[in-house]
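Me: I would like to go through this structure and ask, for each label, what the label rests on. Please set the values against the cut-offs.

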Number of protein chains: 2
Amino acid sequence: MKKVIFVVVDGMSDRPIEEFKRKTPLEMANTPNMDKLAQKGISGAMNTIDIGVRAGSDTAHLALFGYDPYTYYTGRGPFEAAGLGMNLEPGDICFRTNMGTVNKDMVVIDRRAGRINSTHFIADILNETMIDGVKFLIKGDDSYRMALVMRGKNLSPKITDGDPHEDNVKVHTIEAKEDSFEAKFTAKVLNKFLEFAHEKIKDAEENVKREKEGKFPANYLLVRGPGIYPNLPSFKDKYGLKACGIAASPMYKGIAKALGMDVPRIAGTTGKPNSDLMKKVEAVKERYDKYDFFFVHVKGTDPLSHDGDFEGKRKFLEEKVDPMVGEMMKIENTLIVLTADHTTPCELKNHSADDVPVTIYAKSVRDDDVVHFNERECAKGRLGHIKGMNLMPIIIDLMGLASMYGA
Amino acid sequence: MKKVIFVVVDGMSDRPIEEFKRKTPLEMANTPNMDKLAQKGISGAMNTIDIGVRAGSDTAHLALFGYDPYTYYTGRGPFEAAGLGMNLEPGDICFRTNMGTVNKDMVVIDRRAGRINSTHFIADILNETMIDGVKFLIKGDDSYRMALVMRGKNLSPKITDGDPHEDNVKVHTIEAKEDSFEAKFTAKVLNKFLEFAHEKIKDAEENVKREKEGKFPANYLLVRGPGIYPNLPSFKDKYGLKACGIAASPMYKGIAKALGMDVPRIAGTTGKPNSDLMKKVEAVKERYDKYDFFFVHVKGTDPLSHDGDFEGKRKFLEEKVDPMVGEMMKIENTLIVLTADHTTPCELKNHSADDVPVTIYAKSVRDDDVVHFNERECAKGRLGHIKGMNLMPIIIDLMGLASMYGA
């Protein structure tokens with residue numbers, strides 16, 4: 001059986017850039033390996049969610065793996081929490097959490113507590129707190145990030161963020177977003193916990209020490225992106241494939257974990273433009289016999305796009321992504337998918353709904369006339385215009401694993 | 001924020017014409033401005049409703065504006081009535097109505113009462129008639145047209161037409177189309193009203209005068225196209241856009257009004273091939289600062305197609321539509337959409353289900369290799385094959401107004 005390397009280059013796709021004479025970074029970049037992939041593969045244009053829908057990274061990845069986000073997605077929290085290594089259960093209410101600093105009027109002074117580099121002591125103090133029958137699970141990280149989870153009965157993710165998303169504003173009281181007992185109960189209990197937590201941690205030994213050193217204390221949990229941990233069928237159950245997720249950013253690791261993929265830690269990869277992408281290929285090679293499916297996530301293109309750095313994006317594609325793809329193509333008898341989760345135009349510095357290029361490269365694939373991997377050329381390819389949810393069924397068929405409908 | 005001019009050229013799209021060496025009127029016409037629009041824009045082929053569905057103008061326009069006709073449409077009546085200036089409420093049962101002439105055996109002698117040029121006197125006599133708790137609202141026009149509305153409880157649009165759609169046939173008794181109390185009740189009350197109305201107007205002063213002059217009296221209301229006035233979210237509520245509808249034909253004005261657009265009267269525009277389309281551009285320019293979205297409807301192509309006049313259609317596109325588009329392109333920082341609501345092949349003299357060409361022109365759009373605006377070339381464009389319901393989400397995203405699904 002063929003093996004699959006499924007490469008998602010985050011926000012790789014773009015719109016025409018005036019400074020590039022209306023070419024995109026991908027069109028401007030010299031990418032001989034990606035072009036060879038397109039020459040030997042079948043290409044298309046893909047709306048990861050649907051035509052005209054601006055996809056987030058989380059919803060887009062679910063769709064790319066064949067999990068309908070309209071069924072499974074309620075918020076980013078579950079994938080962030082899973083990415084920080086929490087063991088979650090369906091029904092858990094999960095939050096993205098920053099450790100922030102508030103003053104005595106509960107005004108946010110710093111949303112990242114002076115970019116504190118460890119929040120494990122917060123978790124040690126607060127983990128497994130029980131309030132009104134709800135258990136609060138909390139996990140630290142080697143950064144200002146944390147994951148917070150509420151476990152219990154009658155909980156709902158239909159509540160607002162506590163994080164005001166900007167400094168010099170009072171923390172927000174959590175409110176129910178709908179008129180249900182569950183939403184109101186969840187908001188009430190979470191407000192109690194956040195107050196309790198603040199009292200409990202503000203004078204913690206580490207915080208007293210930080211204040212003496214003139215640093216911001218980590219004295220408030222800024223929660224956002226609530227979501228309910230979904231009951232996802234595992235990748236193995238859904239497709240019969242043993243899968244491995246090679247990603248550095250927590251959210252993508254979390255999605256891979258939520259789908260039951262193994263997610264090894266890969267030294268040298270950072271989830272930033274400085275990441276050593278060759279380490280990702282090495283990671284695949286080392287584990288090649290052990291897995292059927294490798295999800296390789298490359299994050300660097302997306303922050304560069306959010307910064308509007310089109311030249312940095314071009315360079316990253318040319319100098320980092322293209323050699324990585326070239327190295328992958330040396331692995332024999334492998335199906336390679338190359339695509340993006342969404343378009344992030346440098347002009348817009350945010351996601352747009354424009355389609356993304358996609359190429360599927362495999363020995364038996366119907367190669368087409370596309371000779372360059374980019375937005376313009378892939379759109380002329382033989383795959384036509386597809387949706388993210390179409391991709392896995394095509395791959396499963398090319399692997400010879402699809403069951404027949406009819407006889 | 002960019003502003004939008006959304007141009008719908010009614011029935012512009014066609015099939016190959018033998019006399020044009022198998023070109024369409026759009027392919028035969030010399031249209032340098034529309035071609036430039038296609039060169040700088042992104043193009044595609046669009047089924048306004050769905051593949052293989054012959055769209056009416058009303059259902060197609062609803063879909064083009066992102067209102068699913070399968071949810072909102074029950075008949076043409078509501079939009080005709082709104083177009084004649086009636087103030088309607090959700091639940092009103094509305095009819096297209098002609099004033100016709102019947103003899104004493106109730107046989108239709110003339111479906112337009114000798115093309116009578118005013119029906120206001122009929123409205124004066126019949127407006128606000130009450131029968132069995134149902135109020136009949138009726139509005140005249142400077143033509144043989146009227147609008148009739150039933151307002152009350154337990155009403156249904158599932159009833160047949162009274163208009164036999166041809167002369168020398170008896171008027172049809174209204175019948176329920178389904179076995180429901182509402183449909184049967186509506187049919188019964190409407191039959192009573194039509195009989196009452198005939199008795200009341202047949203000897204009206206104006207009719208007696210017309211008969212003396214040898215003209216057909218306006219003595220019978222020929223009703224058709226019943227529909228229930230839908231509870232439509234306004235364009236402003238749905239998209240946050242202040243919209244203006246520039247159209248001359250009642251039905252299109254009615255759709256614009258039903259969506260909460262302002263619909264000014266534009267002198268010189270007629271809804272016919274003799275219309276002065278430059279007046280539409282002037283109307284846009286005069287109101288440019290006041291609105292975000294301009295719907296510009298051009299009707300002339302459709303009656304020419306229904307007449308099978310392919311040369312007239314070519315000429316109208318070349319001499320009227322193309323200069324109008326050229327003038328629009330001079331307005332800076334504007335997103336222009338150019339499309340049709342359906343194909344009306346001159347050969348067929350009626351609507352067909354063939355897709356229509358569409359181009360979206362804006363600064364940040366992913367321009368493609370299409371250099372001519374027509375059925376054949378646009379189908380090769382980078383938008384691919386889309387549906388009418390896809391268009392507004394794409395536009396909203398290009399305006400930078402789309403909300404993200406996910407994070």
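Reply: One cut-off first: a residue is exposed when its relative accessible area is over 50%, buried when it is under 20%, and partly exposed in between. The model is a predicted one.

Me: Why does Lys330(A) count as exposed?

Reply: The relative accessibility of Lys330(A) is 60%, and exposed means over 50%, so Lys330(A) counts as exposed.

Me: What makes the pair of Lys330(A) and Glu327(A) a salt bridge?

Reply: The distance from N to O is 3.0 Å. The rule asks for a side-chain nitrogen of Lys or Arg within 4 Å of a carboxyl oxygen of Asp or Glu, so the pair qualifies.

Me: Why is Glu199(B) called partly exposed?

Reply: Glu199(B) has a relative accessibility of 49%, which is not over 50% and not under 20%, so the label is partly exposed. Lys202(B), at 27%, falls in the same class, because that value also lies in between. These two residues form a salt bridge with each other, the closest N and O atoms being 3.4 Å apart.

Me: Which residues does the network of salt bridges that share partners join?

Reply: The network joins Glu18(A), Arg22(A), Glu27(A), Arg376(A), Glu377(A), Lys380(A), Asp367(B) and Asp369(B). One of the bridges between the chains is that of Arg376(A) with Asp367(B), where the closest N and O atoms are 3.4 Å apart. That distance is within 4 Å, so the rule accepts the pair. Across the interface of chain A and chain B there are six salt bridges, and the whole structure has 58 over all chains.

Me: What is known about the salt bridge of Arg96(A) with Glu80(A)?

Reply: The closest N and O atoms of Arg96(A) and Glu80(A) are 3.5 Å apart. The pair links distant parts of the chain, with Arg96(A) in strand β4 and Glu80(A) in helix α5, 16 residues apart. Both Arg96(A) and Glu80(A) are buried.

Me: How many residues are in contact between the two chains, and how much area is buried?

Reply: In chain A, 33 residues are in contact with 22 residues of chain B. The two chains bury about 2300 Å² between them, 46% of it on carbon and sulfur atoms. On the side of chain A, Ile51(A), Arg54(A) and Arg376(A) lose the most area to chain B, together 29% of what that side buries.

Me: How many residue pairs are in polar contact between chain A and chain B?

Reply: There are 21 such pairs, counting those with both residues at pLDDT 80 or more. Four elements of chain A, β3, α3, α4 and α14, each supply at least two residues of the side that touches chain B. The largest share, three residues, comes from α3(A). By class, that side has ten nonpolar, ten polar and 13 charged residues.

Me: What makes β3(A) and β14(B) a pair of strands?

Reply: Two bridges join them, and pairing takes at least two, so they count as paired. The strands run parallel. Ala55(A) has Tyr405(B) as its bridge partner in β14(B).

Me: Why is α3(A) described as mostly covered?

Reply: Eight of its eight residues are buried, and buried means under 20% relative accessible area, so the description holds. Among them are Asp58(A), His61(A) and Leu64(A). Just after α3(A), Gly66(A) takes a positive phi of about 85 degrees.

Key:
Residues are numbered from 1 along each chain as its sequence is written. Chains are lettered from A and ligands numbered from 1 in the order in which they are written. This is a predicted model: local features need pLDDT of at least 70, side-chain atom pairs count only at pLDDT 80 or more; totals for chains, interfaces and linings use all residues. Side-chain values use heavy atoms; hydrogens and water are left out. Contact means heavy atoms within 4.5 Å. Buried area is the accessible area (1.4 Å probe) that two parts lose on being put together, summed over both. A polar contact is a pair of N or O atoms within 3.5 Å; within protein, one must be able to donate a hydrogen and the other to accept it, and residues adjacent in sequence count only if both atoms are side-chain atoms. Ala, Val, Leu, Ile, Met, Phe, Trp, Tyr, Cys and Pro count as nonpolar, Asp, Glu, Lys and Arg as charged, and the others, Gly among them, as polar. Buried means under 20% relative accessible area, exposed over 50%, partly exposed in between (1.4 Å probe, protein chains only).
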